[in-house]
Amino acid sequence: MIDIDIADIIDNFLEEESRPKTVGVYFPSESGMCMRRSYYSYISPKPTDKAALRIFALGNNVHSFIAEALKSSDVFSYVEEEKPLKIEYKDSDTVFNVYGRIDDYVITKDTNKKIIIEAKSVGEINKINEPEPKHVMQLMLYLGAEQADYGLLVYADKKNLNIRQFRVDYDDEMYNKVIGRFKDLDLHLKNKRLPPAEFYFDPKKSWECKYCPYFNDCMQAIANEQ
Ligand code: SF4
């Protein structure tokens with residue numbers, strides 16, 4: 001009889017990777033997230049469920065594969081995977097940092113173009129006809145913090161590695177909007193004020209509430225607000 005459970009070993013390994021969050025330290029992947037959900041993840045974090053952790057792990061494998069392919073290509077003179085990024089924000093109201101890692105930072109050999117690549121793995125590439133706004137926001141943060149000519153959002157289908165890519169150019173207004181959202185989140189956290197239930201009241205985004213680990217807390221808060 002086999003008394004080891006590989007699925008359990010995988011789940012334990014993935015759980016060990018999770019870390020608690022600190023107010024004042026934010027992450028680029030939260031750029032376009034529902035602000036209330038981000039808030040809850042700081043003040044009453046819930047462990048990410050096992051199914052979601054496994055999906056993230058698969059996504060990371062796809063990213064590693066793309067990085068290896070970039071490194072092996074003659075098109076680039078330089079490829080840096082997981083380039084560390086730090087944005088220090090300070091004004092008269094608050095101070096905070098945004099820490100992240102750029103999936104891939106590359107320089108083309110022939111034209112010396114500096115390009116930031118953000119890879120996203122998806123379940124069905126044929127549904128991706130345009131970049132998702134939250135991914136554009138994340139990439140905009142990188143473009144504002146690093147010197148680059150442009151960004152590329154690369155969607156990869158987890159089933160077959162079919163790819164769709166979209167060019168993203170730096171836009172000062174959008175960069176400031178993204179930083180402004182982090183400032184807003186920061187002030188809500190430091191003043192212990194629950195942000196609005198952004199996604200629940202947005203018909204284009206409310207479907208995400210179904211997958212939100214804070215759904216019950218949020219619905220209770222909405223009921224209390226009425
Ligand atoms: S349930 Fe929806 S609105 Fe509420 S925190 Fe989660 S994502 Fe935001």
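This report describes helix H4, the nonpolar cores, a surface patch and the salt bridges of a predicted model.

## Helix H4

Helix H4 covers residues 133-145. Its 13 residues should span 18 Å at 1.5 Å a residue, and the C-alpha atoms at its ends lie 19 Å apart, which agrees with that expectation.

Much of the description of H4 concerns burial. His135, Val136, Met137, Gln138, Leu139, Met140, Leu141, Tyr142 and Leu143 are buried in this helix. The buried residues of H4 pack against five strands and a helix: E2 (76-90), E3 (95-108), E4 (114-122), E5 (150-157), E6 (163-168) and helix H5 (172-190).

Ala145 also belongs to H4. With a relative accessible area of 35%, Ala145 is partly exposed, because the partly exposed class runs between 20% and 50%. Leaving out residues up to four places away in sequence, Ala145 touches Leu85, Ile87 and Tyr175. The C-alpha atoms of Ala145 and Lys86 are 7.9 Å apart, although 59 residues separate the two in sequence.

## The nonpolar cores

The largest nonpolar core has 32 residues, of which Tyr26 and Leu141 touch the most other members. At least two residues of this core come from each of helix H2 (35-43), E2, E3, E4, H4, E5, E6 and H5. H4 supplies the largest share, seven residues. Leu141, one of the two residues that touch the most other members, is itself a buried residue of H4.

Which residues does Tyr26 contact, leaving aside neighbours within four places in sequence? They are Tyr42, Phe96, Asn97, Val98, Tyr99, Phe182, Leu185, Asp186 and Leu189. Another core, of 12 residues, lies apart from the largest one; Ile66, Phe76, Val106 and Leu152 are among its members.

## A nonpolar surface patch

Ile4, Ile6, Ile9 and Ile10 make a nonpolar patch of about 380 Å² on the surface. Of these residues, Ile9 is found in helix H1, which comprises residues 6-16. Ile9 counts as partly exposed, its relative accessibility being 48%.

## Salt bridges

The structure holds 20 salt bridges. One of them joins Lys183 to Asp93, with the closest N and O atoms 2.6 Å apart. This pair links distant parts of the chain, 90 residues apart: Lys183 is in helix H5, and Asp93 is in the loop between E2 and E3. Lys183 counts as buried, at 17% relative accessibility.

A salt bridge also forms between Arg181 and Glu198, whose closest N and O atoms are 2.8 Å apart. Arg181 lies in helix H5 and Glu198 in the loop between H5 and helix H6 (215-225), so this pair ties together parts that are 17 residues apart in sequence. Glu198 is partly exposed, at 26% relative accessibility. In the salt bridge between Lys159 and Asp157, the closest N and O atoms are 3.2 Å apart. Lys159 is exposed, with a relative accessible area of 56%, whereas Asp157 is buried, with a relative accessible area of 0%. In addition, a network of salt bridges links Glu68, Lys71 and Glu81.

Note on methods:
Residues are numbered from 1 along each chain as its sequence is written. This is a predicted model: local features need pLDDT of at least 70, side-chain atom pairs count only at pLDDT 80 or more; totals for chains, interfaces and linings use all residues. Side-chain values use heavy atoms; hydrogens and water are left out. Helices (H or I, at least four residues) and strands (E, at least two) are DSSP runs, numbered from the N terminus. The expected span of a helix is 1.5 Å times one less than its number of residues. Buried means under 20% relative accessible area, exposed over 50%, partly exposed in between (1.4 Å probe, protein chains only). Contact means heavy atoms within 4.5 Å. A nonpolar core is a set of buried Ala, Val, Leu, Ile, Met, Phe, Trp, Tyr and Cys residues joined through side-chain atoms within 4.5 Å. Patches are made of residues with over 30% relative accessible area and no salt bridge: like charges are joined within 9 Å, nonpolar side chains (Val, Leu, Ile, Met, Phe, Trp, Tyr) within 5 Å. Accessible areas come from the Shrake-Rupley method with a 1.4 Å probe; for residues, only the protein chains shown count as cover. A salt bridge is a side-chain nitrogen of Lys or Arg within 4 Å of a carboxyl oxygen of Asp or Glu.
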